[in-house]
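Here is a short, friendly walk through one protein model, written for someone who likes to have the structure open while reading. Please take a look at the sequence and the fold first, and then read on.

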Amino acid sequence: MAWSSWKGPRAGKRAVPVLMTAGIIAVAASILSPGFQPGVAALRLCLQLSIAVIGASLFLFALFIRRIVDDHRQIAESEQRFRRAMEDSAIGVAIVGLDGRILQTNPAFAAMLGYSRAEIEALTFFQITHPDDLQIGRETMIALKEGKIDSFHFEKRYLKKDGTPVWAQLAGSVIREEETHRPLYLVSQIEDIDARKQAEARIAEAETRWNFALTSAGQGVWSLDARKGGTTYSETWVRMLGYADGELDGNPDRWLTMIHPDDRQLVAAADRAHLAGETPFFEAEFRMRHKEGHWVWILDRGKAIERDGEGRLIRAIGSLTDITQRKQAEERLKVSAAMLADEKERLKVTLQSIGDAVICTDAANRITFMNPVAEKLTCVAAGDALGKVLGHVYWAVDEETGQRIGLTRPSAVDRQHCDQNTRAVLVRRVTHAAASARWCRRS
């Protein structure tokens, strides 16, 4: 029972004197009792009782000594393990007093800040902390002293011996007195994360430039991450549709519900084709509903950049461009082209029906049009004449001199000038026909 209820060295210190005192009191009480009649049997009983009490006390004392030896050995082994772990650790370890003094450090922490161990153990954590990060250290220390927290984890900047700041990640806990739970000191693990922080800064700077370039070009960016459970959109993207930043984030399928009904089937088909790996990227032009109710033309380009082992989409990224003005210009161009085609058709009908011969050429004097009267006069079918130079069908000579009437191209100043010769004779392939010819060329 004594061993099963053993509570450690302190319990042993109390149990041994108690048992010895109890034995002595019992013997003395029996001897000094008024009815006590000393006899051989009584003396023998008292002696046996005393021996038993002393033996039990010696046995417990031996157990107590053994337990002390075991405790000392365990403490020594624990201290040795802690010392080796601290000395050999690849990251910094520091024991800090509640007043901020650095009680003990390992070589890794001293090397991280460019100090020797003796130099850094003569400082306080206030002296080696960046001024902008002192507050978080003070607040943590106060919370530990007040018992509000037992551990801490945060990032802060230290100052090296030469004054250079270095980012570190701290994780640690408070060591308390066993019986009173009074805080004694802090044990901190310090990991150098300066390289990671600098990389993050470079990435953030590059992303800022990238976002600025996209914003300047009027392009928004969307990003789908299945691990985070949704889609995020850049400020430019949501502003295109009249929403506030973050208002559309979340549901990855919401964008499909905002597409014009006439465009939705085509867009969904293009999206499925890319998700199935049938196309290298997704690209589509469609209309999306603005928050105010009108439609905005969008050019959407995207690409899946990560899939799981079964081919399911994990991450995708893309851009959107507002092409409403371009679409409106294209629509105006279509209307103008249709009107021009109608006008051209009306002009063609007019030229086909008039009684004068009409031959049209381009800037290189190649025939582009002949009406039926011109075909009749020249005896050349329009199909045979198209693309040939004007001299192939138009051969005119002066009726009096017989000299050929030259075909000179008007200058830029004389583009509206018309050459007229009432003595011209048109020479046809088969017969000669005298005619009053009027030739007018316009570039």
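A salt bridge here is a side-chain nitrogen of Lys or Arg within 4 Å of a carboxyl oxygen of Asp or Glu. The side chains of glutamate 146 and lysine 148 meet that rule, with 3.0 Å from N to O. Lysine 148 is exposed, at a relative accessible area of 62%; buried means under 20% relative accessible area, exposed over 50%, and partly exposed in between, with a 1.4 Å probe and protein chains only.

Before going further, a word on the model. This is a predicted model, in which local features need pLDDT of at least 70 and side-chain atom pairs count only at pLDDT 80 or more, while totals for chains, interfaces and linings use all residues. Residues are numbered from 1 along each chain as its sequence is written, and side-chain values use heavy atoms, with hydrogens and water left out.

**The chain as a whole**

The protein chain has 12 helices and 17 strands. Helices (H or I, at least four residues) and strands (E, at least two) are DSSP runs, numbered from the N terminus. Of the 443 residues in the protein chain, 31% are buried. The accessible surface of the chain comes to about 28200 Å², and carbon and sulfur atoms hold 57% of it; such areas come from the Shrake-Rupley method with a 1.4 Å probe, and for residues only the protein chains shown count as cover. Contact means heavy atoms within 4.5 Å. Among contacts between residues at least 6 apart in sequence, 43% join residues at least 24 apart.

**Charged pairs**

Side chains of opposite charge can pair when their charged atoms come close. In this model the count comes to 20 salt bridges. Three of them are set out below.

| Pair | Closest N to O distance |
|---|---|
| Glutamate 146 and lysine 148 | 3.0 Å |
| Glutamate 283 and arginine 301 | 3.5 Å |
| Arginine 326 and glutamate 285 | 2.7 Å |

Where do the partners of arginine 326 and glutamate 285 sit in the chain? Arginine 326 is in helix H10 (residues 324-353) and glutamate 285 is in strand S8, so this pair links distant parts of the chain, 41 residues apart. Arginine 326 is partly exposed, with a relative accessible area of 35%, and glutamate 285 is partly exposed too, at 30%.

Strand S8 takes part in another such link. The salt bridge between glutamate 283 and arginine 301 joins strand S8 (residues 282-289) to strand S9 (residues 295-307), across 18 residues of sequence. Glutamate 283 is partly exposed at 39%, and arginine 301 counts as partly exposed at 36%. Elsewhere, Glu155, Arg196, Lys197 and Glu200 are linked in a network of salt bridges.

**Helix H9 and its buried aspartate**

Helix H9 covers residues 261-275 and contains aspartate 271. Its 15 residues should span 21 Å at 1.5 Å a residue, and its end C-alpha atoms are 21 Å apart, which agrees; the expected span is 1.5 Å times one less than the number of residues. The buried residues of H9 are Asp263, Val267, Ala268, Asp271, Ala273 and His274. Helix H8 (254-257), S8 and S9 are among the elements that cover them. After H9 comes glycine 277, whose phi is positive, near 80°.

Which side chain of opposite charge is nearest to aspartate 271? That is arginine 272, 7.3 Å away, and aspartate 271 is buried yet has no salt bridge. For this count Lys and Arg are positive and Asp and Glu negative, with His and the chain ends not counted. Setting aside residues up to four places away in sequence, aspartate 271 touches Trp255 and Phe282.

**Two more buried residues**

Alanine 385 lies in helix H12 (residues 382-385) and is buried, with a relative accessible area of 0%. Beyond its neighbours within four places in sequence, alanine 385 is in contact with Ile367, Met370, Val380 and Val393. The C-alpha atoms of alanine 385 and isoleucine 367 are separated by 6.5 Å, although the two are 18 residues apart along the chain.

Histidine 130 sits in the loop between helix H4 (117-120) and helix H5 (134-145). Histidine 130 is buried at 16% relative accessible area, and, not counting residues up to four places away, it touches Arg157, Tyr158, Leu159 and Pro165.
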